[in-house]
Amino acid sequence: ASYAKGPARPTGGAGAIAFLLGRDPVFEFGPYHGTYMDDAYDFYKPNPFSEYPTVDGPQTITSYITALDRAFQKYSEKSGTGFDSIDFFCFHCPFYKMVFKAFSQLCGKH
């Protein structure tokens with residue numbers, strides 16, 4: 001990703017995940033999941049006059065926190081379990097404080 005100078009530039013990059021597959025897994029995905037979608041214009045509004053996306057950082061944080069909360073609500077409804085039944089969480093992490101804020105709020109609600 002390529003960003004204009006400013007606060008969004010440090011978030012540019014790429015992501016990756018690796019799985020070790022085999023017998024007796026360390027963890028496994030359960031049968032339940034929670035999803036949430038919203039049409040938020042917080043990132044990349046095409047502009048023919050600039051090579052860079054338009055980024056609305058505060059809206060991105062709000063969208064991320066809302067998505068985490070709503071997805072967790074759906075997961076809890078489907079699974080019949082709550083916060084204490086989860087061994088660990090794994091997050092998409094554009095920048096540290098976004099995940100910290102979202103998870104802190106989630107912990108405060110449960």
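Which helices each supply at least two residues of the lining of the largest cavity? Let me take that up straight away, with the reminder that what we have on screen is a predicted model, so please hear every value as a computed one.

The contributors are helix 1, spanning 57-79, and helix 2, spanning 96-109, each of which gives at least two residues to that lining. Helix 2 provides the largest share, namely four residues. If you want to pick out the residues on your own display, the cavity is lined by Ile65, Leu68 and Asp69, together with Ala102, Gln105, Leu106 and Lys109. Sorted by class, that lining comprises four nonpolar residues, one polar residue and two charged ones. I should add that the structure holds one cavity of 30 Å³ or more, and that the volume of the largest cavity comes out at about 40 Å³.

Let me turn now to the largest pocket, which encloses about 1000 Å³ of space. Its lining is made up of 24 residues, and those lying nearest the centre of the pocket are Phe29, Ile86, Phe88, Phe89 and Cys90. By class, the pocket lining divides into 17 nonpolar, five polar and two charged residues.

Two of those central residues, Phe29 and Phe88, come up again when we look at the surface, where they belong to a nonpolar patch of about 900 Å². The other members of this patch are Ile17, Phe19, Leu21, Val26 and Phe27. As for where Phe88 sits along the chain, this residue is found in the loop between helix 1 and helix 2, the two helices with which I began, as contributors to the cavity lining.

Note on methods:
Residues numbered from 1 in each chain as written. Predicted model: local features only at pLDDT ≥ 70, side-chain atom pairs only at ≥ 80, totals over all residues. Heavy atoms only, no water. 1 Å grid on protein atoms, 1.4 Å probe; cavity = no way out; pocket = protein on both sides within 12 Å on 5 of 7 lines; lining within 4 Å. Points joined across faces, edges and corners; volume = space filled by probe spheres on them. Nonpolar A, V, L, I, M, F, W, Y, C, P; charged D, E, K, R; others polar. Patch = residues over 30% accessible without salt bridge, like charges linked within 9 Å, V, L, I, M, F, W, Y side chains within 5 Å. Areas by Shrake-Rupley, 256 points an atom, 1.4 Å probe, with all protein chains shown as cover. Salt bridge = Lys/Arg side-chain N within 4 Å of Asp/Glu carboxyl O.
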